[in-house]
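Please consider the model shown here and the questions that accompany it.

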Amino acid sequence: MVIKNAKIITPEKITDDADILIEGGTIQSIGRDLSDTDTLDAKGMYLTPGFVDIHTHGGYGADFMDSTPEAFSDALRFHLDNGTTSVVATSCTAPRESIISFLDFTREYLRSGARESRLIAGVHLEGPYLSKRNRGAQKEEDLAIPDKDDYSYILNYADIIRTVTLSPELPGADKMTRALTDVGIVVSGGHDDGIYPEFMPAIGAGMSHLTHLYCAMSELRFKDGRRNVGLREYALTDDSLTAEIIADDRHIPPELARLIIRAKGADRVAVVSDSLRCAGFEKDDRLYKLGSGDDAQLFRIGDGVAVTADGTKYAGSITPVRAMVKNLIDAGIGIVDAVKTGTLTPARIIGKGKEIGSIEVGKRANICILNANFELIDLILDGNIIQKGK
Ligand SMILES: [Zn+2]
């Protein structure tokens with residue numbers, strides 16, 4: 001198939017009136033006057049890579065922790081309808097048995113070769129090794145401390161786990177960081193309560209990423225008569241750290257998005273949805289569960305964002321990555337950089353930068369055709385047009 005006359009957004013620039021030749025699910029050639037029996041005219045449209053969401057809990061009523069084929073299918077449908085073609089299914093803090101059954105289910109699902117399983121780029125464990133103070137919507141009873149808990153079960157799932165979020169100042173966090181990074185898992189700091197230099201041993205041990213920067217994260221504060229930065233401020237100038245932002249204009253307002261991207265650059269910032277099961281639904285009065293347990297935390301849809309049942313905290317987002325990238329463009333970030341934060345940068349963070357995340361020869365042909373307003377017109381998954389957008 002050839003997609004013709006499009007404005008192709010590559011990691012470096014926008015190429016006008018260009019064609020893409022796709023064969024066998026792979027991008028074969030990018031240029032002018034390419035031909036094939038099967039052509040699609042995309043005159044005036046933007047072509048971006050399929051979006052990559054490395055932190056999402058679900059959508060369309062489903063949470064990945066439900067650990068059923070139906071739940072995975074519903075959550076993935078939410079993402080596909082919004083142009084996201086690779087997701088890292090994310091757990092929440094829960095009893096160990098439910099985390100293990102989520103991991104077992106996901107591993108089986110990936111092995112089953114189910115059609116949609118190619119959308120799953122791995123698993124992110126969000127906790128349970130998180131601070132009490134900044135646990136956000138995560139459940140206090142299920143929190144654990146690395147020093148006092150046997151986390152070795154996580155190492156047995158290194159084949160599917162891409163990322164683990166932990167709070168770097170907790171006792172034993174540095175040792176745990178080393179154990180995880182040794183088996184190839186990305187350690188991400190977040191939901192933490194440390195100040196400089198308490199989190200430095202974990203960074204020294206290999207912590208390389210940050211979970212939703214500025215949300216449920218330590219900040220500048222007085223301690224023992226001294227003012228010390230938290231992870232929010234420290235992160236801005238440490239180039240060894242990449243960071244997620246929930247760019248839904250709620251968790252991260254546009255002014256803050258500009259500050260973060262100016263400080264870290266689009267190569268180190270990944271837009272994530274952190275979407276919950278209510279993502280994709282209209283505002284209603286229902287209470288939804290975070291995760292799957294009978295006594296799970298409850299939340300509801302607030303003003304453009306998910307909030308805890310009592311309405312006092314943000315609980316996650318209801319916005320897909322594509323819409324967040326559009327928010328960044330509206331905030332004044334250049335289109336090429338904004339798209340990179342939702343595609344190539346997250347792909348690289350999880351070690352998939354050679355396979356997905358950009359429109360380049362040799363990569364999987366996961367492509368969004370978007371109008372000038374960044375609305376999804378068509379979606380191409382592994383070389384097949386799979387649907388019209390909404
Ligand atoms: Zn989350």
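The following exchange concerns this predicted model, from its overall form to its core and one of its sheets.

Me: What is the radius of gyration of the protein, and why is the protein described as compact?
Reply: The secondary structure comes to 10 helices and 24 strands. For 390 residues the globule rule gives 21 Å, and the computed value is close to this, so the protein is as compact as a globular protein of that length. The radius of gyration is 20 Å.

Me: Which helix gives the most residues to the largest nonpolar core?
Reply: The largest nonpolar core holds 116 residues, and Leu-47, Ile-245 and Leu-276 touch the most other members. With 6 residues, the greatest contribution to this core comes from helix 1 (residues 69-81).

Me: Where does this core lie with respect to domain 1 and domain 2?
Reply: Domain 1 comprises 2-47 + 373-388, and domain 2 comprises 51-356. Both give residues to the core, so the core lies between domain 1 and domain 2.

Me: Which strands are the edge strands of the open sheet with the order 18-19-20-21?
Reply: The sheet is formed by 4 strands, and their pairing is antiparallel. An edge strand here pairs on one side only. This applies to strand 18 (288-289) and strand 21 (314-316).

Me: Which residue of strand 21 is the bridge partner of Val-307?
Reply: Strand 20 (residues 306-308) runs antiparallel to strand 21, and 2 bridges join them. In strand 21, the partner of Val-307 is Tyr-314.

Key. Residues are numbered from 1 along each chain as its sequence is written. This is a predicted model: local features need pLDDT of at least 70, side-chain atom pairs count only at pLDDT 80 or more; totals for chains, interfaces and linings use all residues. A nonpolar core is a set of buried Ala, Val, Leu, Ile, Met, Phe, Trp, Tyr and Cys residues joined through C-beta atoms within 7 Å. A residue is buried if 20 or more other C-beta atoms lie within 10 Å of its own, exposed if 12 or fewer, and partly exposed in between; C-beta atoms are placed from the backbone. Helices (H or I, at least four residues) and strands (E, at least two) are DSSP runs, numbered from the N terminus. Domain bounds come from an automatic or database domain assignment. Two strands pair if DSSP finds at least two bridges between them. The radius of gyration is taken over C-alpha atoms; the globule rule is 2.2 Å times the number of residues to the power 0.38.
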